Amino acid sequence: MASAWLHPGLLVVLAGFALALLRGPARAAVALAAPLAALWIVLAAPAGVAWSGTWLGLELRPLAYDALSRLFAVIFALMAFGGALFALNQKSRLELPAALVYAGSAIGAVLAGDLVTLFVFWELMAVGSTLVLWSAGAGAYRASLRYMAIHLLGGVLLFAGIAGHVAATGSTEFGRMALDAPAHWLILAGFLVNAGAPPLSAWLPDAYPEASWSGMVFLSAFTTKTAVYVLLRGFPGTELLVWVGLFMVFYGIVYALLENDMRRILAYSIVNQVGFMVTGIGIGTEMALNGAAAHAFTHIIYKALLLMSAGSVLYATGKRKCTDLGGLFRTMPLTTVCGTIGALAISSFPLTSGFVSKSMISQAAGDGHLLWVWLALAAATAGVFLHAGIKFPWFVFFQRDSGLRPHEPPLNMRLAMLLFAALCIGLGIFYQPLYALLPFSTSFVPYTGSHVVVQLELLLFSGLAFFVMLPMLQRTLTITLDVDWFYRRLAPGLVAAGFLALGALGQALATAGDGGMRRIKAVTLALHGPQALFARTWTTGGMALWAALLLAGYLLVVYL
Amino acid sequence: MSGHWLVRPDTLRLLWRVFIAVLVLTVVAEFLVAHHPHFRVESVPAFGAWYGFLACAGMILFAKGLAVFLKRPDTYYGEEGSDG
């Protein structure tokens with residue numbers, strides 16, 4: 001079987017390169033067929049190591065399948081297909097090829113059986129995603145440089161950690177690691193940078209919303225979820241991750257509540273959702289890890305759907321601020337319905353995909369008797385409905401009449417939205433195929449009377465809170481400062497101030513130098529000038545006298 | 001304002017009534033299903049309802065408080081604030 005030796009990730013990467021040369025129907029065919037072929041390979045390939053070899057004395061397993069890697073490779077391939085369908089009418093000749101390189105390297109990263117291969121694909125993802133940002137034009141350029149700087153930092157941390165790990169153990173195997181050595185802390189830090197964890201969460205809402213209307217759909221899926229995958233494999237049950245995850249959950253909610261840009265709301269919401277997954281990984285029971293993995297799977301679909309609807313609005317209106325939008329349901333009913341389905345799914349409404357995945361994480365917190373974690377997750381579930389579930393559709397599609405009457409987007413974009421909306425609801429009802437793909441076998445039943453009723457109470461009363469407190473949520477033309485202030489304002493300010501100080505110092509030195517030089521010149525003239533002490537002609541008698549005195553002094557010193 | 005049926009005052013009033021009826025129904029439904037609480041707080045009546053509402057109110061107030069210190073015009077960094 002070809003599926004046993006073909007590399008689905010490299011296939012998609014190569015398709016990305018081919019796309020750069022193709023035009024018209026051939027381009028569309030390759031863009032859609034490559035992810036589907038990858039999906040087929042991933043589903044058909046047998047478990048185990050498919051590629052192995054030695055390089056520079058390192059044992060490599062560049063292609064290996066198990067339940068966890070297969071789950072992520074499946075959703076990445078599916079996402080690449082949906083994203084490519086949505087982006088078919090993107091005018092940029094760079095974006096779709098770059099996006100497929102990015103998607104293919106994400107597939108390669110999750111199918112990497114060793115740390116060296118993982119690192120190579122990890123960095124290739126950074127290149128692909130930066131190119132996706134660059135294709136959005138000049139407006140995204142500065143944000144893309146900040147994005148790249150953070151990811152290069154993450155890559156350096158990861159590489160240092162991997163080098164330390166290989167040096168200490170002699171093994172490149174990627175398995176569970178304990179936080180017992182600096183190398184493992186470095187690896188964890190490298191992973192967390194890509195997950196959007198504190199203190200550097202700001203790279204995500206800074207860069208992603210600057211991508212094109214289709215670019216952000218791709219960006220939302222791969223980088224953070226690859227980070228979730230490597231945390232699942234490398235650091236399950238690390239308690240630190242519970243607190244990191246909970247911080248991300250509430251960071252995302254609070255910042256999204258204050259945000260005006262519709263796609264930045266969704267970007268903060270990515271950090272929020274990845275926070276749920278990281279918390280689950282930190283809890284570390286089979287139920288929690290299954291929940292984190294399932295949530296990554298469902299989240300990719302509904303977040304892509306939300307960003308497709310936001311992308312359609314941006315495509316149709318050219319506007320991205322809530323203060324400019326509103327009332328679009330009149331002329332964009334399909335986009336409104338699909339965006340709302342995505343919003344319900346992210347809020348984990350019963351009968352949507354988010355419900356069947358997120359309940360597993362809450363259940364794990366309950367089973368572990370982690371009262372505070374469980375309470376925080378329940379509050380956060382309410383908060384997700386608040387900041388993404390209602391806020392996004394309300395301000396974009398309803399709210400007031402902005403006077404905008406945009407058309408629905410082209411057919412390929414509508415089809416992509418319909419496909420992902422169908423998956424959101426389909427997975428919410430027929431969740432068994434998803435549960436069968438999870439890393440641990442499970443008999444979890446999401447739909448019990450108690451689960452459904454308590455979830456509905458939580459969500460609907462958050463809805464009540466939203467509408468009761470709506471005056472406090474009205475959007476203003478503002479942003480909220482974040483850690484990126486340090487490298488966007490403070491550091492450039494310090495550098496500028498430093499240059500000013502250096503200039504002043506140079507000036508002072510020059511002035512002082514002038515004075516000093518004059519004094520040196522005067523002293524030199526006084527001592528060595530034409531008629532000065534050391535330069536004038538001395539009499540022979542004077543010379544003889546001084547020589548005699550010197551010799552007498554010498555004698556004295558000798559006999560003393 | 002456009003005369004779309006969804007934004008007429010009558011419709012909005014009706015939507016509010018339906019919404020409140022649904023809210024009441026979910027609380028009533030809680031007494032009709034079997035619970036397996038992990039924690040004592042879950043057994044407090046209508047836990048999801050009041051906890052969800054208070055959690056959201058708390059988060060909104062916290063966000064507003066944070067905004068006092070961290071809110072800036074969206075032209076703050078210079079390059080932002082343009083559409084497209």
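Hi everyone. Before anything else, one term: when I say two residues are in contact, I mean that their C-beta atoms, placed from the backbone, lie within 7 Å. Please also keep in mind that what you have in front of you is a predicted model.

Let me begin inside chain A, with helix H13, residues 333-346. At 1.5 Å a residue, its 14 residues should span 20 Å, and the end C-alpha atoms are indeed 20 Å apart, so the two values agree. Is H13(A) enclosed or open? Of its 14 residues, 11 are buried, so the rest of the structure largely encloses this helix. The buried set includes Thr335(A), Thr336(A) and Cys338(A), and it also takes in Gly339(A), Gly342(A) and Ile346(A). What covers them? Among the elements doing so are H11, helix H12 (286-317), helix H14 (353-367), H15 and helix H16 (411-429), each of chain A. After the helix comes Ser348(A), with a positive phi near 55 degrees.

Next, helix H7 of chain A, residues 182-195. This one has 14 residues as well, and from first C-alpha to last it reaches 20 Å, close to the 20 Å expected. Its buried residues include Leu186(A), Ile187(A) and Leu188(A), and further along Phe191(A), Leu192(A) and Val193(A). Which helices do they pack against? The partners are helix H6 (141-169), helix H9 (215-234), H10 and helix H11 (262-283) of chain A. You may recall H11 from a moment ago, as part of the cover over H13(A). H7(A) is followed by Gly196(A), and the phi there is positive, near 80 degrees.

Chain A has a hairpin to show you too. Strand E1 (residues 48-55) and strand E2 (residues 58-65) of chain A pair in the antiparallel sense, over six bridges. If you want a pair to click on, Trp51(A) stands opposite Leu63(A) in E2(A). Two residues lie between the strands, and Leu56(A) takes a positive phi near 55 degrees in this hairpin.

Now over to chain B. Its elements run α-α-β from the N terminus, that is, two helices and one strand. How does its radius of gyration sit against that of a compact globule? For 84 residues a compact globule would come out near 12 Å, but chain B has 21 Å. The C-alpha trace spans about 55 × 40 × 20 Å along its principal axes, and buried residues make up 15% of the chain. Chain B is divided into domain 1 (1-33) and domain 2 (39-72), and the centres of these domains are 23 Å apart, taken over C-alpha atoms.

Finally, where do the chains meet? In total, 44 residues of chain A are in contact with 44 residues of chain B. On the chain A side, helix H10 (239-258), helix H15 (371-397), helix H18 (449-468), helix H19 (470-473) and strand E3 (478-480) each supply at least two residues. H18(A) gives the most, with 14 residues. By type, this side of chain A divides into 26 nonpolar, 11 polar and seven charged residues.

There is strand pairing across the chains as well: E3(A) and strand E1 (residues 71-73) of chain B pair in the antiparallel sense over three bridges. Within that pairing, Ile479(A) stands opposite Arg72(B).

That's my tour. Thanks for listening, and I'm happy to take questions.

Methods. Residues numbered from 1 in each chain as written. Chains lettered and ligands numbered in written order. Predicted model: local features only at pLDDT ≥ 70, side-chain atom pairs only at ≥ 80, totals over all residues. Helix = DSSP H or I, 4+ residues; strand = E, 2+ residues; numbered from the N terminus. Nonpolar A, V, L, I, M, F, W, Y, C, P; charged D, E, K, R; others polar. Pairing = 2+ DSSP bridges. Expected span 1.5 Å × (residues − 1). Buried ≥ 20, exposed ≤ 12 C-beta atoms within 10 Å, placed from the backbone. Domains from an automatic or database assignment. Rg over C-alpha atoms; globule rule 2.2 N^0.38 Å.
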